[in-house]
Amino acid sequence: MTTKWHIAILCSFILAACSGQEHAEQDLELSLVDDMPIALENNSMQNMHLTKMLEAMEYTMRSTTYCAMIKQDHVRRFALHGAAENEEKLIYQATVFETYRGKEEMLIEYEMVVEKGEDAPLEPAPAIICLCVLEGKYYWPGTGSIFPADVAHVTKARELSAVGFEGSPGTYCKNGNN
């Protein structure tokens with residue numbers, strides 16, 4: 001225990017002797033609250049953030065038609081013309097490690113449209129990605145569809161996959177029935 005904690009406890013005993021036990025306990029509680037480690041607050045924030053991320057992943061898994069743990073292997077960039085000339089199409093190739101929703105495959109390709117010149121690095125670590133399927137092609141539905149492949153997210157994805165997605169039509173997708 002730190003000296004500050006020792007002083008707070010000593011002060012609580014002195015206050016207890018001088019002014020009654022209930023005030024001493026209040027002062028000790030205030031002393032301890034003022035000196036609580038920031039790590040506890042950060043841990044609480046991390047837990048809250050993880051909970052929100054897991055909820056977002058569940059919502060996205062139910063709102064798309066394909067979900068898997070992948071590792072991006074290659075990306076190709078194509079210019080778009082006409083009304084979309086300020087955009088580019090990216091086609092990612094990825095190895096599939098585990099499928100949570102949709103057709104099981106070992107390799108997939110999926111399309112993503114981004115602003116022209118937008119950075120599109122290959123992620124070095126596996127990730128859980130939720131995609132849509134249109135006319136047999138996978139496409140990225142937008143922000144909030146890629147999640148870390150850490151223990152918490154993989155466990156949640158497996159739990160959701162085991163329960164199934166009946167009644168979840170893939171509302172993020174252009175034609176939510178694929």
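Threonine 99 has its place in strand 2, which runs over residues 87-101, in a model that is predicted. Because its relative accessibility is 16%, threonine 99 counts as buried, the cut-off being under 20%. When residues up to four places away in sequence are not counted, threonine 99 touches Tyr66, Cys67, Ala68, Glu104, Glu105 and Ser161.

Tyr66 also appears in the largest nonpolar core, which has 17 residues, and it is listed there among those with the most contacts inside the core, together with Ile70, Ile108, Tyr110, Met112, Leu131 and Tyr138. Two or more residues of this core are given by each of strand 1 (66-79), strand 2, strand 3 (107-115) and strand 4 (127-134). A second core, separate from this one, has 12 residues, including Met57, Met69, Tyr100 and Cys130.

The contacts of isoleucine 70, leaving aside neighbours within four places in sequence, are Ala94, Thr95, Val96, Phe97, Ile108, Tyr110, Pro126, Ala127 and Ile129.

The structure also holds two aromatic pairs, set out below.

| Pair | Centre to centre | Angle between planes | Kind |
|---|---|---|---|
| Tyrosine 66 and tyrosine 138 | 4.5 Å | 45° | tilted |
| Tyrosine 92 and tyrosine 110 | 5.1 Å | 15° | stacked |

Since tyrosine 66 lies in strand 1 and tyrosine 138 in strand 5 (residues 137-139), their pair ties together parts that are 72 residues apart in sequence. Tyrosine 66 counts as buried because its relative accessibility is 1%, and tyrosine 138 counts as buried because its value is 9%. The pair of tyrosine 92, in strand 2, and tyrosine 110, in strand 3, ties together parts that are 18 residues apart in sequence, and both of these tyrosines are buried.

Definitions and conventions. Residues numbered from 1 in each chain as written. Predicted model: local features only at pLDDT ≥ 70, side-chain atom pairs only at ≥ 80, totals over all residues. Heavy atoms only, no water. Helix = DSSP H or I, 4+ residues; strand = E, 2+ residues; numbered from the N terminus. Buried < 20%, exposed > 50% of the residue type's maximum accessible area, 1.4 Å probe, protein only. Contact = heavy atoms within 4.5 Å. Core = buried A, V, L, I, M, F, W, Y, C linked by side-chain atoms within 4.5 Å. Phe/Tyr/Trp six-rings, centres within 6.5 Å; stacked < 30°, edge-to-face > 60°.
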